[in-house]
Amino acid sequence: MEQPKGVDWTVIILTCQYKDSVQVFQRELEVRQKREQIPAGTLLLAVEDPEKRVGSGGATLNALLVAAEHLSARAGFTVVTSDVLHSAWILILHMGRDFPFDDCGRAFTCLPMENPEGPVEALVCNLDCLLDIMTYRLGPGSPPGVWVCSTDMLLSVPANPGISWDSFRGARVIALPGSPAYAQNHGVYLTDPQGLVLDIYYQGTEAEIQRCVRPDGRVPLVSGVVFFSVETAERLLATHVSPPLDACTYLGLDSGARPVQLSLFFDILHCMAENVTREDFLVGRPPELGQGDADVAGYLQSARAQLWRELRDQPLTMAYVSSGSYSYMTSSASEFLLSLTLPGAPGAQIVHSQVEEQQLLAAGSSVVSCLLEGPVRLGPGSVLQHCHLRGPIHIGAGCLVTGLDAAHSKALHGRELRDLVLQGHHTRLHGSLGHAFTLVGRLDNWSFCFPPGNVPSPHIRAWDLWDPDTLPAEYCLPSARLFPVLHPSRELGPQDLLWMLDHQEDGGEALRAWRASWRLSWEQLQPCLDRAATLASRRDLFFRQALHKARHVLEAQQDLSLRPLIWAAVREGCPRPLLATLDQVAAGAGDPGVAARALACVADVLGCMAEGRGGLRSGPAANPEWMRPFSYLECGDLAAGVEALAQERDKWLSRPALLVRAARHYEGAGQILIRQAVMSAQHFVSTEQVELPGPGQWVVAECPARVDFSGGWSDTPPLAYELGGAVLGLAVRVDGRRPIGARARRIPEPELWLAVGPRQDEMTVKIVCRCLADLRDYCQPHAPGALLKAAFICAGIVHVHSELQLSEQLLRTFGGGFELHTWSELPHGSGLGTSSILAGTALAALQRAAGRVVGTEALIHAVLHLEQVLTTGGGWQDQVGGLMPGIKVGRSRAQLPLKVEVEEVTVPEGFVQKLNDHLLLVYTGKTRLARNLLQDVLRSWYARLPAVVQNAHSLVRQTEECAEGFRQGSLPLLGQCLTSYWEQKKLMAPGCEPLTVRRMMDVLAPHVHGQSLAGAGGGGFLYLLTKEPQQKEALEAVLAKTEGLGNYSIHLVEVDTQGLSLKLLGTEASTCCPFP
């Protein structure tokens, strides 16, 4: 489904508190821009907070200054000017404080969800959800200005939140509903009936919260999202040059100003609330300041006074999103686990993970970006993230385990974890990379102080955890030096903490190792975390599990698209491991369909690497450099062929044009495997010896054309044998004639005389083959007479690779040569199945001239074989439609060898004549340029694009519905089938509807039950099921009044009840002009 129109952001800023993280998070923003989550032209900035505890208000002012500075420089100014804000949409995202359950903060906490419609496969972080909400839900419709959004909460917002921006000025807060009980620990807005904010309460009294209750019984929570108009943003920006607010920005701090801490909501916005008085505002204390900062109260009062002067006259309004939800991400492990799991779910949530024994994951558990090998048991309510584990492992209920690799699995063997938070961390200590682990309880309170003597283990003493001068009242979990980060003689592992769970531990080796290690508290650990290494490790594990996924999807033949994964690998700079995996799958495949799809995926990788440059994906694939790998594939040596392809591929990776050409050759390699699969149809080709016609006696084969009413494309290999095909087709005469035919006879000369063209000889193209070299281009579809040459080879009359000369072969078996003439009275690219039906008539006439008879069903399979020899590919619907009489359904099962079965559709008496009266053909005058349509469809099928897979199933299903319409004799029902069939064709092959054809169809629509272009579309014939009978003249008059339709013509059409006819003419009937 197409993404709705979102905000085209001018600038997106992500604020963070650690300067070492700026480049890390800058890259994360750029990665999301490459994934098309962020508009390509958006300026991306990761900005360090000027001071660690500058507060959300100070971080906002600093980010606004940085944005204005960059936009001013872009516009050519040498000083900061607020004029640049007038045409800018700015989004400021605040990372906020450290989070105990994710080293990269709440913004980069991964959620158990996927985006199946996203162009690039990726983990979904809270930041991604908030970006989506701001871009597509809250932001659309807003005027230029500045959006500010915290990332410390989980939000849910409906697709259309119903926010009106008419006559808006000032600032607007976004509020989401919560219960009065929840509001006791959060902020709430008090508003008047028009949405004007009167006051903002944080952890308000019961009476204050009750004043905020809305008619629905809910209260509007402070959700961390606010919008500033350009005017208000200019007022705020102006404060950066005046003390003490200048200290909120990097410019002020660089100038030596004393830092000041400001809250976005309880300083900047609070002064704009209608009921707040200047006196109350100046003496107020924002919750971010805390009670221990009384010495800075006077400094803060001065800052607030300046905010009051600048912003007091700006109105503050609230938009209440009643159907949304808000949840602050607290430091409670229980609450965090609850937000990542679905307690009532029937099974486990498995997201971007490969799990060998899924039955061991309890309902209500969650696994995100993990590789779980062997028996890994996970209890209800537990979460695994970013782990590669090898069983046997038992993680019980209520656990969060993150950041463990396969090497750490052994430490978990033989233990059952319950109600624990076990995390692996990447660290950088004095420039050295390391790995540390933390272990806390699910119910541990991060703000709770330990009573004297109450420490995590009975064998640990207070002096192990805190300095001697630390007061017992200050003993708390964040400051306890619990976590080893360096051991003097060995690497650390989870076992260096897990021993604390064993109450039988008597203070032995594990305790001594723990005491011998350099240990840090959680607070001390935060600045030592290597967030770049953490995100790189997560990315590495994501792609490791993705390679397992790619292998499994291909080998299990799942209808799951790998294209988003391919885009992810290419855009994040790691396509080579994916190419190697695809090579392995292709080389080891026992099924040609698996191998062909793997090669098609390699082509997709190469095409993505070209990044839209280097030319069209479809094109020739016969460069001599690729012939060696192709020859291995032709001989059936798949492993050698794949290896040779990879060796050749490495020479074509240097620039886009070469990548595209390499992709074409990989698709060519896949065509070889398709051809070999379709060749299995030969199993169902048989002939019966009959009397050889006399020399010079003509054998004439004639056929009707075909019209496809439903199911086309499902007959095309590989869909025909991977999905299974079903097509309903009609054999039809055009203007009373059977327009396709061939005739063959034996001649005394040991040569092959070929004629292609109308029955009138003066228009024919004549070719004489006197030696095998004259037949070598039988597999080049556009070579003169290629189809006829392929017919001689497929009929077994000529063996092109024999050591015997052509003349010897012909004389030895038949005592002379053959003359073959084919014709079609239909224009090129008609869409009526001409080439396949022509191949069928040529084969039928040749076989009979050679003293053999081929049954019609055998002939259907023989044409499949011929078209693979000819290398045009194609399906079976054309020959089924033209060689078999009347109305019928052809079907092929999802298996090899490829076998086509045909069922005649019985219609009510008199319905065929009724159909003839209502069926018309309109030649559109557009030549069908469909040479690349087939390649495009196969590419989409092999990519298993969800829309294409769903559409392919619909094609097969609708064929059965269409057959029922014929059995009922219902023209309106058949018209509906035709209309939806055309929509299905357009979805299968975008671009198959020229503008002039669309105009013609629109003009005809009021007069028809349904209509569709024949075959693949793109031009050729349009067929109509008219509402009234015998409408040829009436519709000619309708079209004559329409300008710009070109050289069209309308033709009568009737169902042919004979199909292929074969007859022998007397020798005297021959009137063919002798060949030179």
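**A tour of the chain, from the whole to Ser 479**

Visitor: Of the residues of the protein chain, what percentage count as buried?
Guide: Happy to start there, and keep in mind that this is a predicted model. A residue is buried when its relative accessible area is under 20%. The protein chain has 1076 residues, and the share that counts as buried is 58%.

Visitor: How many helices and strands does the protein chain have?
Guide: Let's take the overall frame before the elements: the C-alpha trace spans about 120 × 75 × 60 Å along its principal axes. Within that frame, the chain has 34 helices and 41 strands.

Visitor: What share of the contacts with a separation of 6 or more comes from residues 24 or more positions apart?
Guide: A contact here is a pair with heavy atoms within 4.5 Å. Counting those in the protein chain with a separation of 6 or more, the share from residues 24 or more positions apart is 70%.

Visitor: How far apart are the mean positions of the positive and negative charges?
Guide: The protein chain carries 91 positive and 113 negative charges. Taking the mean position of each set, the distance between the two is 4 Å.

Visitor: Which elements do the buried residues of helix 24 pack against?
Guide: Helix 24 covers residues 786-794, and 9 of its 9 residues are buried. Among them are Leu 787, Lys 789 and Phe 792. The packing partners of these buried residues are strand 31, strand 32, strand 33, helix 26 and helix 27.

Visitor: Which residue with a positive phi follows helix 24?
Guide: Good thing to check on a backbone. The phi is near 75 degrees, and the residue is Gly 796.

Visitor: How far apart are the end C-alpha atoms of residues 809-881?
Guide: An unreviewed UniProt entry annotates this stretch as "domain: GHMP kinase N-terminal". The chain there is 56% helix and 15% strand. Its end C-alpha atoms are separated by 35 Å.

Visitor: Is Ser 479 buried or exposed?
Guide: Ser 479 sits in the loop between helix 12 and strand 24. Its relative accessibility is 19%, and the cut-off is under 20%. Therefore Ser 479 counts as buried.

Visitor: Which residue's side chain makes a polar contact with the side chain of Ser 479?
Guide: Beyond four places in sequence, Ser 479 is in contact with several residues, including Leu 465, Glu 474, Ser 521 and Glu 523. A polar atom of the Ser 479 side chain also lies 3.2 Å from the backbone oxygen of Cys 476. The side-chain partner, joined by a polar contact of 3.0 Å, is Trp 466.

Note on methods. Residues numbered from 1 in each chain as written. Predicted model: local features only at pLDDT ≥ 70, side-chain atom pairs only at ≥ 80, totals over all residues. Heavy atoms only, no water. Helix = DSSP H or I, 4+ residues; strand = E, 2+ residues; numbered from the N terminus. Buried < 20%, exposed > 50% of the residue type's maximum accessible area, 1.4 Å probe, protein only. Polar contact = N/O pair within 3.5 Å; in protein donor to acceptor, adjacent residues only side chain to side chain. Lys, Arg positive; Asp, Glu negative; His and termini not counted. Charge placed at Lys NZ, Arg CZ, Asp CG, Glu CD. UniProt positions renumbered as here; feature names shortened; annotations may be inferred.
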